[in-house]
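Dear colleague,

I am passing on the structure below, and would be glad if you read the notes on packing and pairing with it open beside you.

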Amino acid sequence: MRVPLSWLREFTPVELEVDALCEVFAELGFEVDDVEHIGGGLEGVVAARVLETAPHPDADRIQLVRVDPGDGNALQVCCGAFNMSAGDIVPLATVGSTLPGGMEIASRRMRGQESNGMLCSAAELGVVGEESGILLLESGTDPGTPVSDALGIVPDVVFDLDVLPNRPDALSILGVARDLAARLGLPLQVPDPTPTEQGEDIVGSVSVEILDPTLCGRFCLRVLTGVAGGSTPRWMASRLAAAGMRPISPVVDVSNYVMLELGQPNHTYDLAKVQGSGLRVRRAREGEQVETLDGATRTLGPRDGVIADSSDAAVGIAGVMGGASTEISEDTDEVLLEMAWWDPVSISVSSASLNLHSEASLRYKRGVDPELAGLAARRFAELLGSITGARLRPGTVDERGDLPAVPALELRTGRVNALLGTELSRERISELLGSIGFGCTPKGEDLVVVVPSWRLDCTAEVDLVEEVGRHHGLHRIERTVPTSPKAGSLSSAQQRRRRIRRAFVGAGLSEAMPMPFLAPGDLERCGLPAGGLRVANPLVAEESVLRTSPLPGLLRAVAHNEARRTTGVRLFELGRIFGPGELVSDRVRSVELDRVLTGEAEFAAAVLAGADSTAAVELLEVVLAAAGVGPLALRAEELPGLHPGRAAVVEVAGGDVGSVGEVHPAVAAAHDINQRLGWLQLDLDALLAIPEAVVRVQEVSRYPSSEVDLAFVLDERVPAAVVGATIRSAGGELVTGVELFDVFRSEALGADRRSLAFRVRFCAMDRTLTDAEVAELRSGMIAEVERTHGAELRK
């Protein structure tokens with residue numbers, strides 16, 4: 001919110017220095033993002049009369065202009081603009097002056113012709129005016145008059161305040177001034193316009209019907225006639241520009257001025273274009289369209305509100321933007337003025353779904369004062385009447401829907417002091433709240449507080465405590481460090497999640513953070529089924545689908561690296577995927593995570609470029625050990641996006657917790673990846689739900705161990721981990737380790753077959769194993785693997 005100091009002073013006589021005022025704003029909760037000094041730097045710029053113009057003899061785009069700067073000595077100035085003629089009054093920056101942008105003016109020669117000064121445009125002076133050409137001053141201005149006097153420019157200071165969402169009243173000069181006056185103990189002067197009413201009463205000739213009272217709590221209409229003609233006075237145009245709005249025309253500028261000054265958005269209709277001189281407020285129909293003032297055609301839905309004419313044709317989007325069909329033009333003579341109160345939630349939903357945001361929708365979705373319409377309408381009529389001579393017709397059409405109730409809250413003095421750490425009396429609390437318009441009635445040692453209509457954001461006792469603290473002065477409250485009998489700590493799930501992340505990093509992987517949004521077709525390109533939720537208003541089409549798998553994002557990262565000659569990258573991600581589902585109406589809270597989609601789930605995933613499924617399984621074992629779960633079992637399955645013979649479902653504690661394997665070569669090729677890709681994906685919700693295993697210390701044998709190597713040829717689809725588990729089971733307690741140390745493929749082994757070589761270690765706790773015992777164990781293992789998996793021992 002840009003707040004000119006001169007505008008503030010029309011409401012309260014604040015005389016603080018700029019730095020001190022910034023401190024007060026900060027104490028009131030308005031962070032000052034920027035301070036801009038305007039209207040200065042025009043010393044040496046004067047009004048000059050154009051005496052004659054002539055073409056430059058050696059330049060087509062420059063003309064020679066002789067001007068009278070007021071001292072009787074004509075000057076020649078070279079100028080690239082051609083919008084002036086003899087007799088015009090123009091701004092002349094004299095030699096030696098410096099313009100607001102820092103340009104220093106000196107006498108110079110341009111293509112052989114002397115130029116003594118510079119004729120200035122509005123932009124070069126930092127004032128409001130035509131976007132191109134030299135600024136033309138009023139014809140009655142005397143040459144030599146300082147341009148600041150000619151334009152009525154006075155130095156000003158503009159504060160750019162960061163207004164928080166819970167302070168809708170502060171999105172206006174009046175709201176900021178009210179807080180400032182209360183804090184500094186200054187009077188507040190609220191305008192009370194009394195425009196003269198002329199003509200026929202509008203009641204009966206103009207109507208409004210509220211068909212959805214939950215959408216619109218109040219709809220007020222006034223009519224002004226004779227609005228054509230006139231131009232926005234420079235003081236208003238300058239003030240609007242300082243506040244960040246571009247001057248357009250008298251009606252539009254007055255509308256914006258009232259909104260910025262009082263905080264009441266409003267809309268004007270050309271009454272002659274409103275069919276039947278009547279309006280209806282309702283929800284839009286599915287697919288209903290309306291052309292808005294920006295020239296775009298918007299397609300609406302039942303969540304959007306519309307204002308329709310008496311024929312039920314939509315002429316505007318409620319609380320967001322008006323329609324082009326009833327737009328004010330130069331020929332407009334009679335204006336229908338709307339002042340309304342819209343349901344904040346409805347406007348917020350509509351503005352977001354349409355991706356259409358305006359100064360009006362910002363205020364409506366935060367909450368406008370429902371009692372402000374009458375004052376704002378009178379102020380509008382007063383200002384427009386002073387500019388164009390517009391007359392306000394008698395009568396007001398004021399329909400009501402469902403307005404929020406004005407709450408009366410009990411405020412306990414003890415509670416205020418307990419929360420703030422103060423010793424304020426009931427009387428002092430009442431004084432502080434009363435200064436900003438809260439009505440306070442004593443109730444024993446406490447107060448009953450009636451919230452003013454412009455502060456309906458205050459709905460609980462703690463909100464009132466905050467207001468007391470702001471105006472008492474937070475800097476006056478002694479700082480203390482709160483104590484607690486309970487120290488904070490990480491939950492078990494948080495600790496395990498951190499251990500999993502450290503396990504990935506310890507295994508040499510780098511963390512990646514792909515976007516959760518995909519382009520249409522990304523899932524199918526990874527061999528995954530389509531059906532991800534589509535975003536209603538994506539920033540770009542390439543980010544319009546919520547991911548159902550981490551595979552597309554991580555493969556895109558690998559492809560990006562390979563395209564830049566970086567191969568063998570090993571990446572992991574902890575994040576969320578979104579299965580097909582719908583938004584949950586109320587946020588569903590798990591123990592630790594906020595879920596807003598029914599299919600939302602947390603995952604951990606890794607891709608190993610230049611590695612195969614064996615490396616992925618080894619990584620899986622490391623991660624599961626870090627998570628404190630086991631034992632691990634793999635179930636061979638064909639999984640979407642993975643190699644059909646090198647993929648398996650991960651089972652822990654009898655439940656599925658993820659998948660492991662190798663990315664399908666066709667999927668890798670579709671991403672222009674020329675490396676094998678090991679893949680691991682774990683369902684963290686399922687994994688962290690498994691109780692952490694208790695780590696037990698085991699006695700170490702004092703006797704030497706024995707090792708044998710076994711190589712089996714078997715089907716590609718049999719996971720190596722399953723074979724290793726069979727070996728361990730067949731050896732019993734004497735097996736202390738099974739390690740896969742080689743995978744070999746060859747045409748000689750047969751199609752879809754491979755050789756897996758394991759190193760098996762034996763050790764007993766009470767003796768040294770004999771060669772006969774080891775041989776017997778070896779034979780049993782070979783027989784069990786051959787029987788269970790259809791394998792054959794490789795000689």
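**Helix and strand packing**

In this predicted model, helix 8 (residues 344-354) and helix 9 (residues 359-366) pack at an angle of about 140°, and their axes are 7 Å apart. Because of that angle, helix 8 counts as oblique to helix 9, and the crossing of the pair is left-handed. On the side of helix 8 the contact is formed by Pro344, Ile347, Ser348 and Ser351, and on the side of helix 9 by Ser361, Tyr364 and Lys365. Sorted by class, the residues where helix 8 touches helix 9 are 3 nonpolar, 3 polar and 1 charged.

Further along the chain, helix 20 (residues 720-731) and helix 21 (residues 771-789) have axes that come within 9 Å and cross at roughly 135°. Helix 20 and helix 21 are therefore oblique to each other as well, but here the crossing is right-handed. The residues of helix 20 that take part are Val722, Val723, Thr726, Ile727, Ala730 and Gly731, which meet Leu777, Gly780, Met781, Glu784, Val785, Thr788 and His789 of helix 21. The contact between helix 20 and helix 21 comprises 7 nonpolar, 5 polar and 1 charged residues.

The third pair is helix 2 (residues 18-27) with helix 5 (residues 173-184), whose axes come within 11 Å and cross at roughly 100°. At such an angle helix 2 is roughly perpendicular to helix 5. Leu21, Val24, Phe25 and Glu27 of helix 2 make this contact with Val176, Leu180, Arg183 and Leu184 of helix 5, and these residues divide into 6 nonpolar, no polar and 2 charged.

Helix 2 also leads to the sheet, since helix 2 lies across strand 2 and strand 10 and runs at about 20° to strand 10. The sheet itself is open and is formed by 3 strands in the order 1-10-2, with antiparallel pairing. Strand 1 (2-4) and strand 2 (31-38) are at the edges, where each has a single partner strand, so one side of each is left without a neighbour in the sheet. From one strand to the next the twist averages 25°.

Within that sheet, strand 2 and strand 10 (residues 156-162) pair in the antiparallel sense over 7 bridges, and valine 32 stands opposite leucine 161 in strand 10.

With best regards

Notes. Residues numbered from 1 in each chain as written. Predicted model: local features only at pLDDT ≥ 70, side-chain atom pairs only at ≥ 80, totals over all residues. Heavy atoms only, no water. Axes fitted to C-alpha atoms, helices over the stretch in contact; angles between N-to-C directions. Helix = DSSP H or I, 4+ residues; strand = E, 2+ residues; numbered from the N terminus. Parallel < 35°, antiparallel > 145°, perpendicular 65-115°, else oblique. Contact = heavy atoms within 4.5 Å. Nonpolar A, V, L, I, M, F, W, Y, C, P; charged D, E, K, R; others polar. Left-handed = near helix turned anticlockwise from the far one by under 90°. Pairing = 2+ DSSP bridges.
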